[in-house]
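Morning, everyone. I have one chain to go through today, and I will put it on the screen before I say anything about it.

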Amino acid sequence: MVTLAEVARHAGVSASTVSYVLSGKRSISATTRLRVEQSIHELGYHPNAGARALASNRSNVIALMIPLRTDMYVPVMMEIAVAVATTARTHGYDVLLLTGEEGPDAVRRVTGSGLADAMILMDVELDDERLPLLRGTDLPAVLIGLPADTSELTCVDLDFKATGALCVEHLATLGHRDIAVIGEAPAVYERHTGFAERTLYGLRSRAAELGISVLHRPCEGGYDATAGTLARILDERPGTTGFVVQNEQAVEPLLALLRQQGRAVPEDVSVVAVCPDQVAVQASVRLTSVSIPAQEMGRQAVERLVAKLEGRGTDEVVLIAPELTVRTSTGSAPSTVA
């Protein structure tokens, strides 16, 4: 392994100069810095992480808190996590993944141990128990998600309120007056998870403005659960012609069940989904959908966290505007319902 002293000899400078180039603690002339950087590159030098952490009082690690719950769609969560990790590496940070459901205890563990220089929190609830601890610590943090109170916080998220409104607007434009929402698992709403609550709020608010009837039913996902949810919806609102689905695991079962009942999509009923593009385009009917910008959410969260670590970031709420892509699952409402 190449040592710092060997880099210094190769560059014709002192070991302390190499250290200052690496740490940025002192101003070094551009010529000297370039010579040192060329020697580092030519020799393949990699600073020892432990020594670097001791010298700088930094771990160069970002903690990512991502509880992997059975009622959440894990592929989206992991896509965000990958975006966080790859973006962090471009800034010289590694990512420590915390996947348990420890809540405030996980925050205490990170802030009290020096495990990480900063935190990114996912699966944010409207009244998240982790937030008082975040507000009481100097450790920089960013939320991927939106709580009810965003004061003293930096948050990045898809604008789920606007997403819900956009879905109902699209169906209303096509003449649909009775819309059913097949939502996430009941536990997601019981926890008051931000993205699900905000989507529903946006959808209901816009529907009220447009005079659209909305029925919302949570669903565990999977064929049997979706079958039960669909049967309940059609029993309560037999005139339903439009569906909004915010549950990736219910998408394909819903389409299969509609086919079995002789309800053609989009001639008899229209379906809009809030889901990743991959789910929408690979469904048995290509779904009109609002995409989940997982990579953009992860990237922006890291960029804002790094800005905080470098002393140039401020608390802010970053909402990514939703984009609805029209595919073959939506069409004009039928004049009569079979």
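Let me begin with a single residue: is H192 buried, exposed or partly exposed? With a relative accessible area of 41%, H192 is partly exposed. Please keep in mind that this is a predicted model. H192 sits in the loop between α9, residues 186-190, and α10. Its backbone is the reason I picked it. The phi of H192 is positive, near 55°, and H192 is not a glycine. As background, most residues other than glycine have a negative phi, and most peptide bonds are trans.

D123 belongs in the same discussion. This residue, also not a glycine, has a positive phi of about 55°. D123 lies in the loop between β3 and α7, the latter being residues 131-135. Is D123 buried or exposed? D123 is buried, because its relative accessible area is 6%, and the cut-off for buried is under 20%.

On the peptide bond side, V265 and P266 are joined by a cis bond, with omega at about 15°. P266 is in the loop that runs between α12 and β9, where β9 is residues 270-274.

Now the overall picture. The chain contains 14 helices and twelve strands. Its C-alpha trace spans about 85 × 40 × 35 Å along the principal axes. Of the 338 residues in the chain, 48% are buried. Taking contacts with a separation of 6 or more, 71% are between residues 24 or more positions apart.

I will spend most of the time on α5, residues 74-90. What span should we expect from its 17 residues? At 1.5 Å a residue the expected figure is 24 Å, and the end C-alpha atoms of α5 are 25 Å apart, so the two agree. The buried residues in this helix are V76, M77, I80, A81, A83, V84, T87 and A88. Viewed down the axis of α5, these fall within an arc of 160°, so the buried residues line one face of the helix. The general point is that an α-helix has 3.6 residues a turn, so residues three or four places apart point the same way. What covers the buried residues of α5? The cover includes the strands β1 (61-65), β2 (94-98), β3 (118-121) and β4 (141-144), along with the helices α12 (248-260) and α14 (294-309). Just past the end of α5, G92 has a positive phi of about 85°.

α14 can be treated the same way. Its 16 residues should span 22 Å at 1.5 Å a residue, and the end C-alpha atoms are 23 Å apart, which agrees. Buried in α14 are A294, M297, G298, Q300, A301, V302, L305, V306, A307 and L309. Among the elements covering them are α5, β1, β3, β4, β5 (155-158) and β11 (317-320). After α14 comes G311, with a positive phi near 75°.

Next, empty space. Rolling a probe the size of a water molecule over the atoms shows where empty space is left. How many cavities of 30 Å³ or more does the whole structure have? The search finds two.

The largest cavity has a volume of about 310 Å³. Its lining has 21 residues, and those nearest the centre are M72, V76, M77, F160 and F195. We meet α5 again here: this helix gives the most to the lining, with three residues. By class, 14 of the lining residues are nonpolar, three polar and four charged.

The second largest cavity has a volume of about 40 Å³. V181, Y189, A196, T199, L200, L203, V244 and Q246 line it. Helix α10, residues 194-210, supplies the largest share of that lining, four residues. Six of the lining residues are nonpolar, two are polar and none is charged.

Open pockets are a separate matter, and I will mention one. The second largest pocket holds about 210 Å³ of space. It is lined by 16 residues, of which R69, E102, G103, D128 and R130 are the closest to its centre. That lining divides into six nonpolar, two polar and eight charged residues.

One last residue, T32, in helix α3, residues 30-43. T32 counts as buried because its relative accessible area is 17%, against the cut-off of under 20%. Leaving out residues up to four places away in sequence, T32 touches V13 and T17.

That is all I have; the screen is yours.

Technical notes:
Residues numbered from 1 in each chain as written. Predicted model: local features only at pLDDT ≥ 70, side-chain atom pairs only at ≥ 80, totals over all residues. Heavy atoms only, no water. Helix = DSSP H or I, 4+ residues; strand = E, 2+ residues; numbered from the N terminus. Expected span 1.5 Å × (residues − 1). Buried < 20%, exposed > 50% of the residue type's maximum accessible area, 1.4 Å probe, protein only. Arc of directions from axis to C-beta. Contact = heavy atoms within 4.5 Å. 1 Å grid on protein atoms, 1.4 Å probe; cavity = no way out; pocket = protein on both sides within 12 Å on 5 of 7 lines; lining within 4 Å. Points joined across faces, edges and corners; volume = space filled by probe spheres on them. Nonpolar A, V, L, I, M, F, W, Y, C, P; charged D, E, K, R; others polar.
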